[in-house]
Amino acid sequence: LMCAMNYTSLVIGRIILGLGIGIASLTTPVYIAEVAMPSMRGQLVTINTLMITFGQFFAGMVDGVFDTWFPETGWRYMLGLAGLPSI
């Protein structure tokens, strides 16, 4: 996404990225609930949800910094960083 040459390739990349994140965010709590011992099930699913929420908050703060420091190209860094967890 960081190397998108036009609007169409950017939108297609965001759709593919969004589908991947959506599928992962749906299956992870189910997997945790199935694998965990019954006494820890609620705690583990809650921690997973809190970490996702913290990650979204932190990503918003980093995006704000990029937008402030690099007003013209900050969006490229924002989208490029989205690919780091897959490496």
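A helix here is a DSSP run of H or I of at least four residues, and helices are numbered from the N terminus. With that in mind, and remembering that this is a predicted model, begin the tour by selecting L44, whose place is in helix α2.

**First stop: L44 and its surroundings.** L44 has a relative accessible area of 33%, which makes this residue partly exposed. Add P29 to the selection and look at the backbone: although L44 and P29 lie 15 residues apart along the chain, their C-alpha atoms are separated by 8.6 Å.

**Second stop: the surface patch.** Keep L44 selected and add M37, M40, I47 and M51, which together with L44 make a nonpolar surface patch of about 470 Å². Within this group, I47 also sits in helix α2, which spans residues 41–69, and I47 is partly exposed, with a relative accessible area of 45%.

**Third stop: the largest pocket.** Now clear the selection and turn to the largest pocket, whose volume is about 790 Å³. To find its centre, select I21, G55, A59, A82 and P85, which are the closest to that centre among the 22 residues of the lining.

Colouring by helix is a useful next step, since α1 (7–35), α2 and α3 (74–81) each supply at least two residues of this lining. Which helix gives the most to the lining of the largest pocket? The answer is α2, with nine residues.

Finally, recolour the lining by residue character: 13 of its residues are nonpolar, seven are polar and two are charged.

Definitions and conventions
Residues are numbered from 1 along each chain as its sequence is written. This is a predicted model: local features need pLDDT of at least 70, side-chain atom pairs count only at pLDDT 80 or more; totals for chains, interfaces and linings use all residues. Side-chain values use heavy atoms; hydrogens and water are left out. Patches are made of residues with over 30% relative accessible area and no salt bridge: like charges are joined within 9 Å, nonpolar side chains (Val, Leu, Ile, Met, Phe, Trp, Tyr) within 5 Å. Accessible areas come from the Shrake-Rupley method with a 1.4 Å probe; for residues, only the protein chains shown count as cover. A salt bridge is a side-chain nitrogen of Lys or Arg within 4 Å of a carboxyl oxygen of Asp or Glu. Buried means under 20% relative accessible area, exposed over 50%, partly exposed in between (1.4 Å probe, protein chains only). On a 1 Å grid over the protein atoms alone, a cavity is a set of points where a 1.4 Å probe fits but cannot get out, and a pocket is an open set with protein on both sides within 12 Å along at least five of seven lines; lining residues have an atom within 4 Å of a point. Grid points are joined across faces, edges and corners, and a volume is the space filled by probe spheres set on the points. Ala, Val, Leu, Ile, Met, Phe, Trp, Tyr, Cys and Pro count as nonpolar, Asp, Glu, Lys and Arg as charged, and the others, Gly among them, as polar.
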